[in-house]
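Okay, thanks for squeezing me in. I'll put the structure up and walk through a few spots that caught my eye.

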Amino acid sequence: MKARETPVAPHELRSHQWYGTDGLRSFSHRARTRQLGYLPEEHLGKPVVAILNTWSDINPCHVHLRERAQAVKRGVWQAGGFPLEFPVATLSETFQKPTPMLYRNLLALETEELLRSYPVDGAVLMGGCDKTTPALLMGAASVDLPTLFVPAGPMLPGHWRDQVLGSGTDMWKYWDDRRAGLIGDRELAELESGLARSPGHCMTMGTASTLTAAAEALGVTVPGASSVPAVDSGHERMAAASGRLIVDLVGRDLTLSRVLTREAYDDAVTTVLALGGSTNAVIHLIAMAGRSGVRLTLDDFDRIARTVPVLADLRPGGRYLMEDFHFAGGLPAFLGQLTDLLHLDRPTVAHPTLRAQLAGAVVHNPEVIRPRDRPLADEGGVAVLRGNLCPDGAVIKHIAADPALLRHTGPAIVFDDYRTMQRTIDDPALGITAGHVLVLRGAGPKGGPGMPEYGMLPIPDHLLKQGVRDMVRISDARMSGTSYGACVLHIAPESYVGGPLALVRTGDLITLDVAARSLRLEVSEDELARRRAEWVAPPPRYGRGYGALYNDHITQADTGCDFDFLSREGEVPDPYAG
């Protein structure tokens, strides 16, 4: 369905119910708006735009968004709208424990209820750090107003001596070098000062860059927005342009549901896979699609992955960083290499069609954005696995793994929880060799709790000192999008609810075969049935509070880890009481 051709009249605005009627409520609302310092002519009859800002002092990825909100407001004022800034939950990937994934749905719920309950005609969502992008879009999709997303942008490249650093990716690398005795405390202190040099999210193709690119591919940002460096003056210009554009979207009643279509989600999956993006995008896009009434599954990811080459030479699977990608042409130029795989006639917030949005985009550096005849990999960077160990699926970012491990059989070393693993992984008595398969359980949506990024299990230090840098590692956890290695993740159902991972024992043989999309526990069905009969469910993680709500309503990884009461269909009444 297309946006309307005649402009929305002032009396047709949603905010008119609050401000424009002849009644006590509107009288009260206008009086209280005067209390805020605004004259009636500044807001009456104008589109009210909510700016949902995830800025906070403890989120280094978003610390500049307080200033960028002013640029968005500037654009809204310029276009004849009335901007109102709303502070919402900040999900700091670095500092929030046990994991910000536990709180993604809380921000989604807050977003939905704020937009639904206030006099808002359109919304600008400001985020970028991993969970904020899906959370904001999930909540906004459930309300379905005209909506734009403003990405926080990647930080500047890191530097140490003569090395260019990628946040996250090089943190893992050099930490292992320290454990292996290759660098010492002095070098580590220098690295600590060089990894993160400015505001902005990780500048590798980690989860943040993957999800903001997905948002742009979905068509909910101004073109090229997802790769603009956070501290570049172009970022402020992009924010102001977003402010101007949202007023236009309200005037045309171009709601989010008209942009977030089935075709848009398929194109977002294509984009993520061609970028060699984060495995976390699988969970988030499935959840986002569900809020849009689109059924996206693991099978869709696997189907599309088999047809999509990896064209972005970006860390952790490649060589370059997001600033290189931006100046190579950004996402418009990147998608221009994939036009035969995209739905070009669908609308975006900025253009009538994606085809029009990509017109004229040029690749300026074919080393960063590869041509189709010279891909980084022939297939998308994420594979979906099935087998008796993961009947509802699992994923592996095979582009970032040692190719020699993509078909491997080895005996399991099982850890029941993350703390035990941390405490004992270097114990020589375990006898861990490079051929073993490290298994972590109790780290899924309920067991984690919140499905923390524990999936890149550390390699024992005695193996690091021998030069081993990758092993097969299996868990029901996630891993950072900046991580790398032969890590099988998101095993569903998780061990906490009695999935087959709960039945694995140290010494059991496990076979990983990425080409066959298979993960198998080499134990007979009779033995597994015997173990299943002996299995005892663990006690609940939370006795009260948000954690108890989470535990009671969270779904599994293969369906997006949304709350069941938020992802289901159902009517929500108009909140305005008159």
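Let's start with Cys129, which counts as buried because its relative accessibility is 1%. Keep in mind that this is a predicted model. Is Cys129 in a disulfide, or in no disulfide? It's in no disulfide: the nearest cysteine sulfur belongs to Cys61, and that's 3.6 Å away. The cut-off for a disulfide is sulfur atoms within 2.5 Å, so that pair doesn't make it. Cys487 is in no disulfide either, and there the nearest cysteine sulfur, on Cys390, is 15 Å off. Cys487 is buried too, since its relative accessibility is 0%. The count for the model is 0 disulfides.

Next, strand 4, residues 147-151. All 5 of its 5 residues are buried, so the strand is largely enclosed by the rest of the structure. In a regular strand, side chains alternate between the two faces of the sheet. Here, Thr147, Phe149 and Pro151 sit on one side, Leu148 and Val150 on the other, and both faces are covered. Strand 4 pairs with strand 3, residues 122-127, in the parallel sense over 5 bridges; one of the pairings is Ala123 with Thr147. Put helix 6, residues 132-143, together with those two strands and you get a right-handed β-α-β unit.

Helix 6 turns up again in the second largest pocket, where it supplies at least two lining residues, as do helices 5, 12, 13 and 21. Which helix gives the most to that lining? That's helix 12, with 4 residues. The pocket holds about 1000 Å³ of space. Its lining has 40 residues, and the ones nearest the centre are Gly290, Arg291, Leu566, Ser567 and Arg568. By class, the lining splits into 15 nonpolar, 10 polar and 15 charged residues.

Last bit: backbone oddities. Most peptide bonds are trans, and most residues other than glycine have a negative phi. Lys97 to Pro98 is cis, with omega near 5°, and Pro98 sits in the loop between strand 2 and helix 5. Arg315 to Pro316 is also cis, omega about 10°, in the loop between helix 13 and helix 14. For positive phi, there's His490, near 60°, in the loop between strands 12 and 13. His490 counts as buried because its relative accessibility is 4%. Then there's Cys561, with phi about 55°, in the loop between helix 20 and helix 21. Cys561 is buried as well, at 2%.

That's me done; over to you.

Definitions and conventions:
Residues are numbered from 1 along each chain as its sequence is written. This is a predicted model: local features need pLDDT of at least 70, side-chain atom pairs count only at pLDDT 80 or more; totals for chains, interfaces and linings use all residues. Side-chain values use heavy atoms; hydrogens and water are left out. Buried means under 20% relative accessible area, exposed over 50%, partly exposed in between (1.4 Å probe, protein chains only). Two strands pair if DSSP finds at least two bridges between them. A crossover is right-handed if, with the strands pointing away from the viewer, the path from the first strand over the helix to the second runs clockwise. On a 1 Å grid over the protein atoms alone, a cavity is a set of points where a 1.4 Å probe fits but cannot get out, and a pocket is an open set with protein on both sides within 12 Å along at least five of seven lines; lining residues have an atom within 4 Å of a point. Grid points are joined across faces, edges and corners, and a volume is the space filled by probe spheres set on the points. Ala, Val, Leu, Ile, Met, Phe, Trp, Tyr, Cys and Pro count as nonpolar, Asp, Glu, Lys and Arg as charged, and the others, Gly among them, as polar.
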